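This report is a guided reading of one protein model, moving from its ring pairs to its overall form. Please keep the sequence and the structure in view while you read.

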Amino acid sequence: MAGLLLISIILISFFSFFGQSLLFSSKAEDNYSSTNLVNGLVNEVEGNEAIINYLENTQLNLGCNNDSGIILPQDESSIPSFNMVQLGLLFDEESESYYYPLNNKRYVAEVKICQQTEQEVDLSLFRIHGKISESGQAASSEVYHYINLK
């Protein structure tokens with residue numbers, strides 16, 4: 001009887017280890033996926049001709065405060081011939097947001113382009129802040145990068 005009790009205690013602790021391992025693996029996969037998605041998104045924005053042309057030909061004060069700069073997809077209509085679908089995102093009419101479908105989850109994307117300092121203006125550098133979050137949650141992954149127009 002004592003042996004059976006000992007074996008059942010060992011098996012219960014052994015199986016709980018697998019449950020924790022599965023949960024950890026799932027969270028690691030989500031982090032890895034969101035990091036790859038946001039890096040790809042920033043690279044796509046950096047190489048998008050419509051955005052580059054808009055930044056080259058527009059004299060805007062693109063400060064980096066919370067309410068300034070270009071925020072995509074929010075400001076996509078201000079950039080001629082650009083749509084977030086070009087970046088590989090899908091549009092959900094119900095939530096009115098763009099997302100990447102991956103691993104049976106929706107990763108919502110947002111990109112902010114701004115220019116703050118005199119050095120950035122002199123060097124034609126624009127900051128990019130890419131953010132991906134699993135729908136309804138805080139940002140899963142964020143990336144900061146620069147576009148150089150010279």
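Two aromatic rings of Phe, Tyr or Trp count as a pair if their centres lie within 6.5 Å, and a pair is called tilted when its planes are neither under 30 degrees apart, which is stacked, nor over 60, which is edge-to-face. In this predicted model, the structure holds 2 aromatic pairs. In one of them, the rings of phenylalanine 91 and tyrosine 98 have centres 4.9 Å apart and planes at 55°, so this pair is tilted. The two partners differ in their surroundings: phenylalanine 91 is partly exposed, with a relative accessible area of 40%, whereas tyrosine 98 is buried, with 9%. Another ring, that of tyrosine 99, has the charged end of arginine 106 sitting over it, 4.1 Å from the ring centre.

**The order of elements and the overall form**

The protein contains 3 helices and 6 strands, and from the N terminus on they follow the order α-α-β-β-β-β-α-β-β. Its radius of gyration is 22 Å, while a compact globule of 150 residues would have one near 15 Å. Taken along the principal axes, the C-alpha atoms fill a box of roughly 80 × 35 × 25 Å. Of the 150 residues, 35% are buried, and among contacts between residues at least 6 apart in sequence, 53% join residues at least 24 apart.

**The nonpolar core and helix 2**

Which residues touch the most other members of the largest nonpolar core? Of the 30 residues in this core, they are Leu55, Leu72 and Ile113. The elements that give two or more residues to the core include helix 1 (2-46), helix 2 (49-57), strand 4 (105-114) and strand 6 (139-148). Leucine 55 is one of the buried residues of helix 2, together with Ala50, Ile51, Ile52 and Tyr54. Residues up to four places away in sequence not being counted, leucine 55 touches Leu62, Ile70, Ile113, Phe126, Ile147 and Leu149. At the start of helix 2, a side-chain oxygen of asparagine 48 reaches to within 3.0 Å of the backbone nitrogen of alanine 50.

**Loops and backbone angles**

Most residues other than glycine have a negative phi, and most peptide bonds are trans. The table lists residues of this model whose backbone angles deserve a careful look.

| Residue or bond | Angle | Place |
|---|---|---|
| Leucine 72 to proline 73 | omega near 10°, cis | proline 73: loop between strand 1 and strand 2 |
| Glutamate 96 | phi near 50°, positive | loop between strand 2 and strand 3 |
| Serine 124 | phi near 55°, positive | loop between helix 3 (118-122) and strand 5 |

Is glutamate 96 buried or exposed? With a relative accessibility of 64%, glutamate 96 counts as exposed, because the exposed class begins over 50%.

The loop between strand 1 (70-72) and strand 2 (90-92) also holds serine 81, which is exposed, with a relative accessible area of 63%. When its neighbours within four places in sequence are left aside, serine 81 is in contact with Ala50 and Gln86, and Ala50 has been named above among the buried residues of helix 2. Serine 81 and leucine 125 are 44 residues apart along the chain, and their C-alpha atoms are separated by 22 Å.

Terms used:
Residues numbered from 1 in each chain as written. Predicted model: local features only at pLDDT ≥ 70, side-chain atom pairs only at ≥ 80, totals over all residues. Heavy atoms only, no water. Phe/Tyr/Trp six-rings, centres within 6.5 Å; stacked < 30°, edge-to-face > 60°. Buried < 20%, exposed > 50% of the residue type's maximum accessible area, 1.4 Å probe, protein only. Lys NZ or Arg CZ within 6 Å of the ring centre and 35° of its normal. Helix = DSSP H or I, 4+ residues; strand = E, 2+ residues; numbered from the N terminus. Contact = heavy atoms within 4.5 Å. Core = buried A, V, L, I, M, F, W, Y, C linked by side-chain atoms within 4.5 Å. Polar contact = N/O pair within 3.5 Å; in protein donor to acceptor, adjacent residues only side chain to side chain. Rg over C-alpha atoms; globule rule 2.2 N^0.38 Å.
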